Amino acid sequence: MKAKNHSAGFWLDPEAGYFSNQGVDVIAFEDIYPEGHQGGVSILMHGERVAANGDVRFEPTPGQWQPVPKQVSRAVHADRQRIDTVLRYPDDERHLQGFNPMVYPDCAFSYTVSVHVEGESVRVTVDPDGMLPPAGEHPLFFNLELFPGLLFGKPWIMDGRAGFFPRQPAGPVERRESIYAAGLAPHPGRTEEYADALMEKGSAFSPLRGDEETAAPYAAGKRFTLCPGDPLLQMTVETLGEELRLYDGRISHNNGWFVLSSPLFAKGSHAAEWLITPRAAEGWMDGPRIQVSQVGYMPGQPKMAVAEMDRRDETREPFVLWRTDANGRTAVRQGPGEDRGRFLRYRYECFDFTDVAEAGLYQVSRGESFSGMFLIGEDVFDRSVWQPVLEYFLPIQMCHMRVNEKYRVWHGRCHMDDARMAPVGRNHIDGYSQGPDTLTGFRPGDHVPGLNRGGWHDAGDFDLRVESQSGEAYLLALAYETFHVEWDSTTIDQRTQTVEIHHPDGKNDLLQQIEHGTLAVLGGWNALGRLYRGIIAAGLRQYVMLGDAANMTEGVAGDEDDRWVFTEENPARELRTAAHLAAVYRALGGFNPGLAAQALETARTLYVQTMPGEEKAAKTAQVHAAAELFLATGEEIYRNALLQAVDVIADEPGQLGWIAARVMKQLDDEAFTGSLRESLARWKETMDGITARTPYGVPYRPYIWGAGWEIQRMGCDHYFLHRAFPDLFSASLPCQALSFVLGCHPGRSVSFVSGVGTESVTAAYGFNRADYSCIPGGAVSGTALIRPDFPELKAWPFLWQQTEYVLGGGSTRFMFLVLAVKDLMEKG
């Protein structure tokens, strides 16, 4: 973005595509994720996203499950300092179908939201394409959501009335007529019975019917002031139409925001018209923020501090590396940073201090800005870094177990009634869908015995996806065979289905966790005669449940609250599971030989009976399975399959390169090695180009979701690539990937792994998120992108795209990455 003096008020930069006034930005419909509080009109004030989702909705306090409009077009008119966005209801692609089906009322209309500059303000207008639906049938609202995490205890004024934003939602509660009272939008392939079941009609509450209960507004009026007197957060909203109402969206949905809302009106020149005036602090600039690893570095590890600063900041100040001991702080290195130019909306400088190797406590400053403290030492990763993954996260996520930690019970013995066969022809929630047949001998609704052992809950959702279960066991198996991890701090009793954290039982925790995941996968295989797609709550009310997993069902097999088990025909998933089970066999051979033998037998069967066809993902998975089975058995059938797949590997070096590198020596085939090296060299050029565009030393491509998990994956893959081709791949990327996850990343410098490092994510999207808490060792995806250029990681537990935990790679890949960097530094 070219420099401009904003003192005259807002202006629309055609390159950036949003309105700016010093430290305030108004972004109009650049983001595309309204169910995640990213969409519509958003307002950024002095480095914080204060408001979002300014748009037309059917409810004054909608949640993530309520209907959202389809964006048709967006036009930026720089000459008129205006952005026009056309939207419509319903979105046919999401009505009663899709990953998470939405239910739209029988109300079709289009409208335009226009945002344009008026000096220190922006004017927002809503204009329908034709007549609005009758208010008595379908009341409509223009809403602007206000982020609660910044506002607890802060004041507001509505006309002459004042108040404070409460930490907990407060009644009274008003009952509203359902938006579906006049009927549902038609759908050619869905029945009313299906829609009723999806909405859990007749139950006391369902998230899909959250519109039926709304908090009474805190106030109503024509002029609203947010945080009066606050130099960084004060904003005024005036309506030229219907009155404004201030709501608390957390009454309807635990993850709701405060909402400023006004009904659309049929009279006047616009259906809604707001004048929004966010006060810009004169001369304010963002940063600098000094980003470092919140844990620290081994002596030989690459070490770099990154300064992230306002794009308008043209200062050049020296960096200083400080060492602190019992006598105080001493400067040990001082010098200019390397100017890395613009990335996203910021300017960056980097300060390399790799050659500093003396053990101690350090800190980096630039001008008056300081990083957090960190360590340099040979033992920096020896305690409380990767270990919490095994000590806390994995034990706490274990399903079908009671998990104790001395005085504390993390959750009771849960889901002992798993599971009933899912209904056929069912488009369920969270991507689960059952085809026209169960693919088993069980009928829909039958209890399927043998599914109540093993497995880990996925994030806060409690479901058991087969790829999460087998994938987690697989990564643990790779960590065990690569680094020979020995760790015992937990009792895991499969007979009583009880876990005791910090009570050793004389067995390797890592092997016990591999066993636990394998029990889940093979339990499904043995019960169903095939892999399951997964096990998930039967209804949305259960699915969104927060707290103790034991409360989801009554534990009585065969009743209505049991979870459902889904099956599918999915060659790619089946072949990947075969790969995972082959690696599990290698790890468990000396620990549980019977279970290991079952894993290998199942992997062989899946490999033989699964035909990949022409699907690229399935062909890739078939190569993966052949590689792991070859490492497990050395058999010629798998060797020949790998040699014949040389073209498949060459076409997918980013996915298969690291896998092929692990079998290269055992194959001992010159043509295979040559082809692999050539394809990896071409792929590396592409990755190096992406890396060069960022200041962080990793191929970071921002997206709506945080990139932490993907950066970890690349770091782990590069460990194996470096071991196979040290002349082609350096040890730098695994090290830089670890630093990225631990704090050297855009936005505020915090570790993405809860409880690891001096500053970490401690309000995360786990099953205890309603308590604004975390699970130690849980790795979140981290800093997300607010389009087009704002990196954000809020201290807030309800933004799954930033702070969610997952199984199948998040935390366990972090553990592997730490062990990989330690291994590289110790062995070279």
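Guide: Pro172 lies in the loop that links β12 (161-164) to β13 (173-175) (strands are DSSP runs of E with at least two residues, helices runs of H or I with at least four, both numbered from the N terminus). The model is predicted, so that local features need pLDDT of at least 70 and side-chain atom pairs count only at pLDDT 80 or more, while totals for chains, interfaces and linings use all residues. Residues are numbered from 1 along each chain as its sequence is written, and side-chain values use heavy atoms, with hydrogens and water left out.

Visitor: What kind of peptide bond joins Gly171 and Pro172?

Guide: The bond between Gly171 and Pro172 is cis, with omega at about 5 degrees. A cis peptide bond also joins Asp418 and Ala419, where omega is about -10 degrees. Ala419 belongs to the loop between β32 (408-411) and β33 (420-421).

Visitor: What is the phi of Asn53?

Guide: Asn53 has phi near 60 degrees, which is a positive value in a residue other than glycine. This residue is found in strand β5.

Visitor: How should a pair of packed helices be read, and at what angle do α6 and α7 pack?

Guide: Two packed helices are described by the angle between their axes and the distance between the axes. Helix α6 (residues 571-588) and helix α7 (residues 593-609) make an angle of about 155 degrees, and their axes are 8 Å apart (axes are lines fitted to C-alpha atoms, for helices over the stretch in contact, and angles run from 0 to 180 degrees between N-to-C directions). The two helices are therefore roughly antiparallel (the word applies to angles over 145 degrees, with under 35 roughly parallel, 65 to 115 roughly perpendicular and the rest oblique). The crossing of α6 past α7 is left-handed (the near helix is turned anticlockwise from the far one by less than a right angle; clockwise would be right-handed).

Visitor: Which residues of α6 and α7 make the contact?

Guide: Among them are Leu575, Leu581 and Tyr585 of α6, together with Leu595, Leu600 and Tyr607 of α7 (contact means heavy atoms within 4.5 Å). By class, this contact holds 16 nonpolar residues, two polar and one charged (Ala, Val, Leu, Ile, Met, Phe, Trp, Tyr, Cys and Pro count as nonpolar, Asp, Glu, Lys and Arg as charged, and the others, Gly among them, as polar).

Visitor: At what angle do α3 and α6 pack?

Guide: Their angle is about 35 degrees, with the axes 8 Å apart, and their crossing is left-handed. On the side of α3 the contact includes Tyr474 and Leu478, and on the side of α6 it includes Thr577 and Val584. Its residues divide into ten nonpolar, four polar and four charged.

Visitor: How far apart are the axes of α11 and α13?

Guide: Helix α11 (residues 653-667) and helix α13 (residues 708-724) have axes 9 Å apart and pack at an angle of about 40 degrees. Here too α11 passes α13 in a left-handed crossing. Trp658 and Arg662 of α11 take part in the contact, as do Arg713, Asp717 and Phe720 of α13. Six nonpolar, two polar and three charged residues make up this contact.

Visitor: How is empty space found, and how many cavities of 30 Å³ or more are there?

Guide: Rolling a probe the size of a water molecule over the atoms shows where empty space is left. The count comes to eight cavities of 30 Å³ or more (on a 1 Å grid over the protein atoms alone, a cavity is a set of points where a 1.4 Å probe fits but cannot get out, a pocket is an open set with protein on both sides within 12 Å along at least five of seven lines, and lining residues have an atom within 4 Å of a point). The largest cavity has a volume of about 80 Å³ (the space filled by probe spheres set on the points, which are joined across faces, edges and corners).

Visitor: Which residues line the largest cavity?

Guide: The lining includes Tyr474, Leu478, Trp658, Arg713, Asp717, Phe720 and Arg813. Elements that supply two or more of its residues are α3 (466-483), α13 and α16 (810-827); α13 gives the most, with four residues. Seven nonpolar, no polar and three charged residues form this lining.

Visitor: What is the volume of the second largest pocket?

Guide: That pocket has a volume of about 390 Å³. It is lined by 21 residues, of which Glu48, Arg748, Leu793, Lys794 and Ala795 lie nearest its centre. Both β5 (48-57) and β42 (790-792) supply at least two residues of the lining, and the largest share, three residues, comes from β42. The lining of the second largest pocket has ten nonpolar, three polar and eight charged residues.
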